[in-house]
Amino acid sequence: MAIGQEKNILLDQQEKKVREQLSRIQHKIIVMSGKGGVGKSTVSVNLAVGLSLQDFMVGLLDVDLHGPNIPKMLGVRRERLPRRPDGRLGAISYSPNLKFLSIEPLLPKEDAAVIWRGPLKISAIKQFIGDIDWGKLDYLIIDAPPGTGDEPLTVAKTIPDAYAIVVTTPQEVSLIDVQKSINFCRKVKMRILGLVENMSGFICPHCGKELDIFKRGGGERLAEEMGIRFLGRIPVDPRVVAAGDAGKPAIAAYPESITAQAFEELVRNVVAATEEMWREVEEGRYMRVAVPVSGTNLAKDPLATDLFAVYDIEAGKVRVKDVVRRPEDQDLEAFLKEQVATHLLALDLSPEWKERLETARIRVVLGGAPDMGPDTLVQDFLSGILK
Ligand SMILES: Nc1ncnc2c1ncn2[C@@H]1O[C@H](COP(=O)(O)OP(=O)(O)OP(=O)(O)O)[C@@H](O)[C@H]1O
């Protein structure tokens, strides 16, 4: 067998494993930020612990290949990954319903500098997700490295149905970074769960009360302007640092504190927001519609074309339209799944393919005419002419 062919088979197997693994996880959330140091890991850890304290089964994945700090924040260091009877590796248990994984146990030494080349990084992240047996989870929280580079892009592509939480601080420059993260999410078609404003207000280390000596706010206004949810704000609290350093997240270490309460509110808002996003899809208030095209008109055969107009539709209105090219080696089902399409609108499709897509929970609606453009077909669908 040719080397290229062998590589493709291995890649296909990896994709399959990744898909199987992901299908057992109900909600996947990527915690991201436009720049470093805004408290992404702190938010990820406290959110994961908070969800596990609400009896959800939770996984926490640290995708920071250069400086994984989640093991330290959880007080678990250099533990070996458990091996399952079938030979697969499992994540490390923090508590009965919280497991986590970072690159750390896979490094030769604790402080080893890792130099990853782009393709290696990408396959390491895919391996994390595909090779590790997470079991059945309600939530997988993924702490992505800051920025909009290779790692968040790989996570977004590997977990196409992940939602994003964007973390910011009240400083203006950080709020500008939010815009970048939001643009990134829109570009990779990742739905945004909402915005968290960290280090907002200050908790006095002496009296434990909140003092307004630092700038705060802005996040809520920005969220409103950008049309995304505001999930909560977390004050600056020196105990967050101490708790992180001591390996016990603030939400569990100081449950009575204002900060723990702020994290608990964040947990409640995240649960409500994920349920709402789920319902939006179930009830058709949110749709992602793919239409195979050829030039400016509908394509005669969806299986033969590589061009698709993809629409994000909320409350019956088109919010974003994009034209996407299907890679040559990707079949229609894999492509639509990667696009997280909920519907395929097309001129025609064989009954076998229609059934295959509907089994994959992609609704197929057929109709229109060869001289019609995709926008018209989508409008006909939204107005109920096409059913
Ligand atoms: N609300 C807070 N109050 C006080 N300190 C905080 C707060 N949030 C985060 N920190 C501290 O700020 C530092 C950076 O936080 P953290 O590591 O969570 O940021 P990050 O965005 O994940 O950084 P990175 O760029 O490394 O991914 C840590 O020392 C953490 O303890």
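The ligand in this predicted model is surrounded by 20 residues. Gly 36, Gly 39, Lys 40, Ser 41 and Thr 42 are the closest of them. Helix H8 is one of the elements that supply this shell, and the buried residues of H8 are covered in part by helix H10. H10 in turn gives the most residues to the largest nonpolar core.

**Ligand shell**
- Four elements each supply at least two residues of the shell: helix H2 (40–53), strand E9 (191–203), strand E11 (230–236) and helix H8 (238–246).
- By type, the shell has 10 polar residues, seven nonpolar and three charged.

**Helix H8**
- The buried residues of H8 are Val 240, Ala 243 and Gly 244.
- These three lie on the same side of H8, because they cover an arc of only 100 degrees around the axis.
- Pro 238, Val 241 and Asp 245 are exposed, on the face of H8 turned away from the buried side.
- The cover over the buried residues includes H2, helix H3 (70–74), helix H9 (250–253) and H10.
- Gly 247 follows H8 and has a positive phi, near 80 degrees.

**Nonpolar cores**
- In soluble globular proteins, nonpolar side chains tend to be buried together.
- The largest nonpolar core here has 71 residues.
- Ile 29, Ile 30, Val 31, Ile 141, Ile 142 and Ala 164 have the most contacts inside this core.
- Helix H10 (residues 258–282) contributes seven residues to the core, the most of any element.
- Leaving aside neighbours within four places in sequence, Ile 141 is in contact with Ile 29, Val 31, Ser 44, Leu 47, Ala 48, Val 58 and Leu 60.
- Another core, of 24 residues, lies apart from the largest one. Val 289, Ala 309, Leu 332 and Leu 336 are among its residues.

**Positive phi outside glycine**
- Most residues other than glycine have a negative phi.
- Ala 315 is not a glycine, yet its phi is positive, about 45 degrees.
- Ala 315 sits in the loop between strand E14 (307–314) and strand E15 (317–325).
- Ala 315 is exposed, because its count of other C-beta atoms within 10 Å is 9, and 12 or fewer counts as exposed.
- Val 340 also has a positive phi, near 55 degrees, and is a residue other than glycine.
- The loop that holds Val 340 runs between helix H11 (332–338) and strand E16 (343–346).
- Val 340 has 19 other C-beta atoms within 10 Å, so it is partly exposed; a buried residue needs 20 or more.

How values were computed
Residues numbered from 1 in each chain as written. Predicted model: local features only at pLDDT ≥ 70, side-chain atom pairs only at ≥ 80, totals over all residues. Core = buried A, V, L, I, M, F, W, Y, C linked by C-beta atoms within 7 Å. Contact = placed C-beta atoms within 7 Å. Near = placed C-beta within 6 Å. Nonpolar A, V, L, I, M, F, W, Y, C, P; charged D, E, K, R; others polar. Arc of directions from axis to C-beta.
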